[in-house]
2 protein chains.
Amino acid sequence: MLNFNFYRPTDFYFGRGEEKRTGEVCRKHGAKKVLLHFGGQSAVKSGLIARVEQSLTDAGVQYVSLGGVQPNPRAELVYQGIELCRKEGVDLVLAVGGGSVIDSAKAIAMGVPYEGDFWDFFMGGKVPTTALPVGCVLTIAAAGSEGSNSCVIDCVVDGIVKKKGTNFQTNVCTFSILNPELTFTLPPFQTACGACDIMCHVFERYFTNTPAVKMTDELCEGVLRTVVQMLPRVMKDPHDYEARANIMWASTLAHNNLLGVDREQDWASHRIEHELSAFYDCAHGAGLAVVCPAWMTYVYKHDVMRFAQFAVNVMGCQMDYEHPENTALSGIAALRRLWGDAGLPLNFKELGAKREDIPTLVANIGGPEHTEGHFLVLHKHDIAEILTLAADYER
Amino acid sequence: MLNFNFYRPTDFYFGRGEEKRTGEVCRKHGAKKVLLHFGGQSAVKSGLIARVEQSLTDAGVQYVSLGGVQPNPRAELVYQGIELCRKEGVDLVLAVGGGSVIDSAKAIAMGVPYEGDFWDFFMGGKVPTTALPVGCVLTIAAAGSEGSNSCVIDCVVDGIVKKKGTNFQTNVCTFSILNPELTFTLPPFQTACGACDIMCHVFERYFTNTPAVKMTDELCEGVLRTVVQMLPRVMKDPHDYEARANIMWASTLAHNNLLGVDREQDWASHRIEHELSAFYDCAHGAGLAVVCPAWMTYVYKHDVMRFAQFAVNVMGCQMDYEHPENTALSGIAALRRLWGDAGLPLNFKELGAKREDIPTLVANIGGPEHTEGHFLVLHKHDIAEILTLAADYER
């Protein structure tokens with residue numbers, strides 16, 4: 001077990017109707033004027049934005065609005081948001097939406113008090129010392145941005161879309177309001193993508209070389225088993241509140257780093273997937289459903305017993321004590337079945353990606369000596385092999 | 001699943017040598033002059049107090065000291081601490097010790113800015129609106145006070161020792177420094193008492209009538225399994241860092257309410273035990289080892305499948321599908337074996353309690369109509385029966 005710091009001072013409000021407390025919670029945390037930041041028209045049409053606006057008005061909190069955040073959120077809108085916040089004297093950025101909206105809000109929040117270009121923080125080196133507080137009303141269980149210190153933004157640099165992630169303490173939400181009912185109307189595909197993203201946030205932590213991490217292993221397996229049990233329920237009945245609620249809280253726990261504090265983490269699957277979603281503008285969770293099993297298949301021999309533990313404790317496989325390798329592989333197969341049954345793509349073709357793009361994808365990921373991951377350090381030829389596995393998978 | 005608020009903004013520093021950062025962490029959280037609060041001479045003799053003092057001095061943080069906190073901490077010292085803090089202009093209370101020291105620090109912290117008697121907050125009704133920040137350097141994995149909103153204090157009222165607990169947001173530590181090495185020198189009995197306390201914090205949440213709490217059930221079982229696996233290791237080798245570390249982080253997770261946010265909780269065992277430790281001045285964990293299995297045995301028929309789940313998922317028992325009741329009982333028996341093997345008392349005689357005191361203990365717990373617990377609501381005659389079971393248990 002490694003030494004660690006864990007500091008996630010987010011004030012969570014969870015359950016039915018909790019979004020009606022948004023104004024009160026903004027005031028509790030000192031906000032007087034907020035940027036109401038959201039995505040497309042679905043949050044407007046559903047009446048959610050109106051409910052949040054009413055709640056702000058009732059609490060005497062002023063607001064200015066900025067909609068239009070896209071999936072794989074773009075830097076252009078972040079610049080607009082920063083300018084608007086400065087002009088209007090906004091003191092808190094309120095995201096109403098999923099991970100993309102929250103990440104866009106986080107980027108705006110770090111940009112407002114910074115005199116330079118906010119993109120400096122994403123290109124490495126610069127760490128923000130201060131940021132506006134960010135609050136959120138979550139509408140999809142997936143990215144875990146409501147509890148994490150992560151923020152991922154796309155920026156067009158020299159004509160190429162660059163997807164860059166940051167992990168700063170200032171990215172941690174001041175408050176997060178989670179009402180599982182708000183996820184009832186999500187399309188099944190988005191629901192499945194979210195569940196995949198949640199599980200992959202755990203995998204990045206679970207597959208580690210750090211020994212003696214029983215306590216957090218238990219947390220990892222518990223979050224994974226919860227999603228494994230609840231995903232088929234929400235696919236069958238999108239209005240199953242209890243299943244939606246368990247998945248929503250799992251999404252927060254999966255990525256606020258409680259599960260990974262004490263260990264070396266991997267993150268190769270995420271980084272490889274980022275190239276796919278930047279290149280094809282596909283859903284992050286869909287990309288992960290294709291990349292992650294390929295990563296597992298490529299690396300499992302590095303620690304067969306770890307993958308056997310996953311197969312038995314999470315996927316419910318029988319342990320083959322004579323051939324643990326078989327157990328490891330059956331766990332990966334069971335995971336692909338779970339995701340396939342939920343309608344996720346399982347290979348390049350189903351994702352809309354092309355085998356012939358692999359050299360370009362690998363080139364985009366970094367220079368010739370670039371590596372990814374820690375469980376097993378991957379060089380560029382390893383990444384190419386993983387993408388080839390992902391391309392060729394049969395359903 | 002119930003709606004909930006979860007807000008535990010504690011800044012955790014975990015691992016070997018982390019106490020050397022105490023001064024730096026105090027400064028990070030704005031402290032200029034702290035009350036260094038501790039218990040007996042063991043922390044002084046071990047050199048821990050000197051290391052913390054050095055760290056404060058190095059960081060330019062002033063301090064005044066107040067030692068002498070006893071197990072089952074007393075109000076008298078709280079009054080002294082409040083006076084000292086006011087006189088010295090202290091802006092943070094730094095507890096170096098276990099749950100008793102931290103709780104004494106929390107009581108001082110809530111008393112300093114309050115014009116009335118701090119005991120008002122313990123007699124019910126009054127809620128503190130503000131308190132000094134509290135930080136801690138933890139020396140025993142047990143009470144979970146390092147991450148919880150709890151504070152338990154003993155006060156002599158009309159000649160009788162009253163043990164009273166409070167749960168306030170202002171009781172949550174601003175920071176907690178957890179070095180498992182500091183628990184290496186704990187006597188085996190205290191180690192075992194701590195493990196019992198940790199498990200009971202989970203039980204109070206795990207045995208619930210709230211349905212559909214899969215996610216937090218998984219967390220509960222994960223913390224319990226961790227203690228079940230690690231307790232025999234630390235009893236065998238007190239210097240087993242990894243086992244100590246897993247238990248220490250389990251102690252925090254067991255009681256910061258992450259495991260119980262979404263459900264009705266019980267707390268009957270704790271309340272009944274508080275009468276024992278107030279009456280006999282016994283260790284809280286030792287009292288729980290006697291009371292909790294008796295509570296389980298008395299209530300398990302209320303939800304046999306819940307106790308069967310505990311037996312299988314936590315204690316590793318085989319499920320008897322034809323007679324789930326047998327499985328439930330075998331889980332309780334396995335728990336008593338675990339605790340007995342760790343040297344904990346398993347009945348009144350081993351605890352130093354007397355069967356003939358039961359009427360007095362029951363009288364002390366409240367008026368004739370008083371009830372405890374929520375899993376199964378216990379009237380005073382139920383409590384008497386539970387104490388009788390606890391008294392008569394054979395090893």
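Mentor: Two strands count as paired if DSSP finds at least two bridges between them. Strands are DSSP E runs of at least two residues and helices H or I runs of at least four, numbered from the N terminus. This is a predicted model, where local features need pLDDT of at least 70, side-chain atom pairs count only at pLDDT 80 or more, and totals for chains, interfaces and linings use all residues. Residues are numbered from 1 along each chain as its sequence is written.

Trainee: How do you know that S3 and S5 of chain A pair?

Mentor: S3 (residues 33-38) and S5 (residues 92-97) of chain A share 5 bridges in the parallel sense, and the rule asks for at least two. Within that pair, A:His37 stands opposite A:Ala95 in S5(A).

Trainee: What makes S4 of chain A and S1 of chain B edge strands?

Mentor: The open sheet of 7 strands runs S4(A)-S3(A)-S5(A)-S6(A)-S9(A)-S2(A)-S1(B), with mixed pairing. S4 (62-66) of chain A and S1 (4-6) of chain B each have a single partner strand, so one side of each is left without a neighbour in the sheet.

Trainee: Why is the relation between chains A and B called a two-fold axis?

Mentor: The copies are superposed by least squares on C-alpha atoms of residues with pLDDT of at least 70 in both. Chain A is laid on chain B by a turn of 180° and a shift of 0.0 Å along the axis, with an RMSD of 0.0 Å. That is the relation of a two-fold axis.

Trainee: Which residue of chain A comes closest to the rotation axis?

Mentor: A:Pro9 does, with its C-alpha at 1.9 Å.

Notes. Chains are lettered from A and ligands numbered from 1 in the order in which they are written. Side-chain values use heavy atoms; hydrogens and water are left out.
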